[in-house]
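Me: I'm new to this structure and would love a close look at one part of it. Could you take me through it slowly and show me how it connects to its surroundings?

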Amino acid sequence: MNGWDRLGLELVFKGPGAGVANAFLGHLERVSSDLVKNKIKEMKDDEKVCSIEFQMNTLITTASFDESIIDIGDLLGFPITGPMSRYSIFFHELVEQWDKQVNELGYKKAHERAMAWEEHVNGGWERVPEGQKEISNDGQRRVVTVIYRAVSKTKDKDGNIIEEVVEKIIEITRELGTVKVKPIDS
Ligand SMILES: [Zn+2]
C-alpha cells in the first residue's frame with residue numbers, strides 16, 4: 001500500500017472536484033456491467049498509483065492527458081445517459097490516465113483503448129471516426145462536436161464480428177459546459 005493513500009486504493013483523486021469524481025466512480029460501480037466493474041477493481045487493486053487532479057471549469061477541454069487533470073465541471077455539462085454521457089467520458093479519461101501512469105502508454109494507444117471502455121459505459125454508442133472536430137476561439141471559448149452511432153455487434157459462424165448500425169446518427173455539440181443534442185439524420 002502506498003504511504004499517502006490511506007484507503008489502500010491506488011486510484012488517487014485530488015483537487016476541488018475529487019468529491020464529485022468519487023461520486024462518479026461510485027455510480028459506475030453500482031450500475032455498470034461486470035466488465036466495467038472488474039476494470040475499476042483492477043485499477044483500485046493495482047500496486048502502482050494513478051493520481052488524477054480534478055479541477056472545476058478550467059480552460060482545459062474535458063481533460064489534459066499530459067498534466068493528468070480532468071475538468072469535472074465540463075463533465076457535469078454532459079448528459080446523464082446515452083452517447084457522450086458524463087459517466088462514459090469520465091471513464092474514458094480515467095482509464096486513459098491509468099494506461100498512461102500505470103502501463104506507460106502514449107496518448108495515441110491510451111486514447112484508442114479508452115474509446116472502447118467509453119463505449120462499454122455508454123450503452124454501445126460509438127464515435128464516428130471522421131465525425132469528431134474541435135473548434136477553439138482565442139483560447140477563451142471552446143466548442144467540441146462529436147458524432148455518434150449505435151452499433152450492434154454480432155458474430156457470424158466463422159467468428160467474424162458483424163457490425164450493424166441500429167440507431168440514427170446523433171451529433172452532440174458542447175460549448176463551455178452546455179450541451180445541445182440534436183439528431184442530424186431524422
Ligand atoms: Zn482520449
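Which residues does Phe90 touch, not counting residues up to four places away in sequence?

Reply: Happy to help! One thing to keep in mind is that this is a predicted model. Leaving aside residues up to four places away in sequence, Phe90 touches Phe24 and Leu75.

Let's begin with the helix that holds Phe90. Helix α4 covers residues 86-101, and it packs with helix α1, residues 18-31, at an angle of about 105°. The axes of the two helices are 10 Å apart. Angles of 65 to 115 degrees count as roughly perpendicular, and α1 and α4 are therefore roughly perpendicular to each other. Where they meet, α1 brings Phe24, His27 and Leu28, while α4 brings Tyr87, Phe90 and Phe91. Sorted by type, the residues of this contact are five nonpolar and one polar, with no charged residue.

Phe90 also has a place in a wider group. The largest nonpolar core has 30 residues, and Phe90 and Phe91 are the ones that touch the most other members. Several elements give two or more residues to this core: β1 (11-14), α1, β2 (50-55), β4 (69-71), α3 (72-75), α4 and α5 (107-121). The biggest giver is α4, with seven residues.

Now for the strands beside this helix. α4 lies across β2, β3 and β4, and runs at about 140° to β2. These three strands belong to an open sheet of four, in the order β1-β2-β4-β3, with mixed pairing. At the edges are β1 and β3 (63-64), each of which pairs on one side only.

Each edge is worth a look. β1 and β2 pair in the parallel sense over four bridges, and Lys14 has Glu53 in β2 as its bridge partner. β1 itself shows two faces: Leu11 and Phe13 are on the covered one, Val12 and Lys14 on the uncovered one. At the other edge, β3 and β4 pair in the antiparallel sense over two bridges, and here Ser64 stands opposite Ile69 in β4.

Finally, let's step back to the whole chain. Its secondary structure comes to five helices and nine strands. Of its 186 residues, 28% count as buried. Among the contacts with a separation of 6 or more, 52% are between residues 24 or more positions apart.

Methods. Residues numbered from 1 in each chain as written. Predicted model: local features only at pLDDT ≥ 70, side-chain atom pairs only at ≥ 80, totals over all residues. Axes fitted to C-alpha atoms, helices over the stretch in contact; angles between N-to-C directions. Parallel < 35°, antiparallel > 145°, perpendicular 65-115°, else oblique. Contact = placed C-beta atoms within 7 Å. Nonpolar A, V, L, I, M, F, W, Y, C, P; charged D, E, K, R; others polar. Core = buried A, V, L, I, M, F, W, Y, C linked by C-beta atoms within 7 Å. Buried ≥ 20, exposed ≤ 12 C-beta atoms within 10 Å, placed from the backbone. Pairing = 2+ DSSP bridges.
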